[in-house]
Amino acid sequence: MPRFTLVSLLAALTLAAGAEEFQSAGFTATISENGVVTDLKYAGTPLIRRFFLHGNNMLSEGEKKVDGRLFQTADSSKTTVFKRDGQSLLVAKKAVMRSLRDDNRDFIDYTESLLFTPEKITCRYEVTTKNVFYHQTTPFCVISELPLSLAGRGLLFTGKDGVEATRVLPKEYTPDFKAFTASSLAISIPAGIFRLKGMDGISLYFSDTRSWKGDHYRIDLSPAASWTQAKKTFPEGSQFTIEFELTFEKEN
C-alpha cells in the first residue's frame, strides 16, 4: 500500500458529502461517511456485507463495570475523504472514536487508509490509545462480515503453522465446523478465487456467528497475539496497525 502521509493526503482529497460508491467490472463497494465499507462484491457476487474497525477494553479487576467496546459503525464523525484517479478510489480518514457509553473514558485516535482498484483492495488502520486498555489478546481488530450466500463454497486457508487446509462453508450451522486462525484464506466463487491476506503479522480468525444466533460468517483481522489468562495491560499511547489486502484471481 502507498506510504503516503495522512496530512498531505487529507489536504488533497474531497470531504465526503454522503456515501461514496466504487464501481468497476471487478470489485464494487459502498463507503459510508464514517468510513465503513459495505456491500463488497466482485462481478456482482456478494463477498463481504461490511467491514469496520472495532476495539474492546476488558476492565481490570475492581473497576466500575462499563461497556468498553468501540465500533467504527457507531462513529458519528464525518471526516472521511475521497480521491478518484482513473479506475482507483482512495479513501482516508482521521478521527477520534469513543466507546459506546457516554460516561466511559475509553477512546482512541485512529486513521483509515483504503485503496480500491478493480482487482485489488488494500486496507490500513492505525490506532493510538488515549488511556489504558486491558485485553487477553489484543484490543483492536477489523471485523469483516461475510454473507451466508457463500455457503457451499470451498475455502482454502493457511494456518498459523504455515500448513494449508480446506473447508466447505456450511449451509446450516454445525458445531463440527470449528473456528480457526489463519494468515490468509481464499474462497472459490464462479468467477474465480477471492483472497484475503493479512500483512505484517496480521492474523485472521474465521468463525460462524450462527453459533451465537448471528446471521453471517465472520473474520476478525488483528495483530497476532497469544491468549493469556491474566489481562495484558496496554498503556496510554499504545499503537496498533492492522493492514490487509483483498484480491481476486479470475478463472482462465
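**Figure 1. Close-up of E145 in strand β12 of the predicted model.** Residue E145 belongs to strand β12, which spans residues 140-146. Its relative accessible area is 7%, and because the threshold for burial is under 20%, E145 is classed as buried. Once neighbours within four places in sequence are set aside, the contacts of E145 are I48, R49, R50, F52, H216 and Y217. One of these partners, F52, reappears in the smaller nonpolar core described in Figure 3.

**Figure 2. Close-up of R218 in strand β18.** The residue shown at the centre, R218, is located in strand β18, a segment that covers residues 217-223. In sequence R218 is 12 residues from F206, while the C-alpha atoms of the two are 5.7 Å apart in space. F206 is also among the contacts of R218, which comprise I143, S144, Y205, F206, S207, T209 and W212 when neighbours within four places in sequence are left aside.

**Figure 3. Close-up of F116 and the nonpolar cores.** The largest nonpolar core of the chain consists of 54 residues, and F116 and F244 have the most contacts inside it. Beyond the residues up to four places away in sequence, F116 touches F22, A29, I31, V37, Q87, S88, L89, V91 and I121. A further core of 5 residues lies apart from the largest one; V36, F52, C141 and I143 are among its members.

**Figure 4. Close-up of strand β9 and its two partners.** Strand β9 comprises residues 107-116 and is mostly covered, with 7 of its 10 residues buried. On one side of the pairing scheme is strand β8 (residues 88-98), which is antiparallel to β9 and joined to it over 10 bridges. Within this pair, F116 of β9 is opposite L89, and L89 is also one of the residues that F116 touches. The other partner is strand β10 (residues 120-129), again antiparallel, with 9 bridges to β9. Here L114 has C123 of β10 as its bridge partner. The connection between β9 and β10 is a hairpin with 3 intervening residues. In a regular strand, side chains alternate between the two faces of the sheet.

**Figure 5. Close-up of strand β20 between β10 and β16 in the pairing scheme.** Strand β20 runs from residue 239 to 250 and pairs with β10 in the antiparallel sense over 9 bridges. T128 and Q239 of β20 stand opposite each other. Strand β16 (residues 192-198) is likewise antiparallel to β20, and this pairing involves 7 bridges. In this second pair, I193 has E249 of β20 opposite to it.

**Figure 6. Close-up of the largest pocket.** The volume of the largest pocket is about 540 Å³. Its lining is formed by 23 residues, of which T137, T138, Y205, D220 and S222 are the closest to the centre. At least two lining residues are supplied by each of the strands β5 (45-56), β12, β15 (180-189), β17 (202-208) and β18 (217-223). Strand β18 provides the largest share, namely 4 residues. R218, the subject of Figure 2, lies in this strand, and E145, the subject of Figure 1, is found in β12.

**Figure 7. Close-up of A43 and K213, two non-glycine residues with positive phi.** A43 has a phi of about 50 degrees although it is not a glycine. A43 is placed in the loop that links β4 (37-42) to β5. The relative accessible area of A43 is 47%, so this residue counts as partly exposed. For K213, also not a glycine, phi is about 70 degrees. The position of K213 is in the loop between β17 and β18. With a relative accessible area of 81%, K213 is exposed.

**Figure 8. Overview of the chain as context for the close-up views.** The predicted chain contains 1 helix and 20 strands. Of its 252 residues, 50% are buried. Among contacts with a separation of 6 or more, 63% involve residues 24 or more positions apart. The accessible surface amounts to about 12,200 Å², and carbon and sulfur atoms account for 50% of this surface.

Key:
Residues numbered from 1 in each chain as written. Predicted model: local features only at pLDDT ≥ 70, side-chain atom pairs only at ≥ 80, totals over all residues. Heavy atoms only, no water. Core = buried A, V, L, I, M, F, W, Y, C linked by side-chain atoms within 4.5 Å. Buried < 20%, exposed > 50% of the residue type's maximum accessible area, 1.4 Å probe, protein only. Contact = heavy atoms within 4.5 Å. Pairing = 2+ DSSP bridges. Areas by Shrake-Rupley, 256 points an atom, 1.4 Å probe, with all protein chains shown as cover. 1 Å grid on protein atoms, 1.4 Å probe; cavity = no way out; pocket = protein on both sides within 12 Å on 5 of 7 lines; lining within 4 Å. Points joined across faces, edges and corners; volume = space filled by probe spheres on them.
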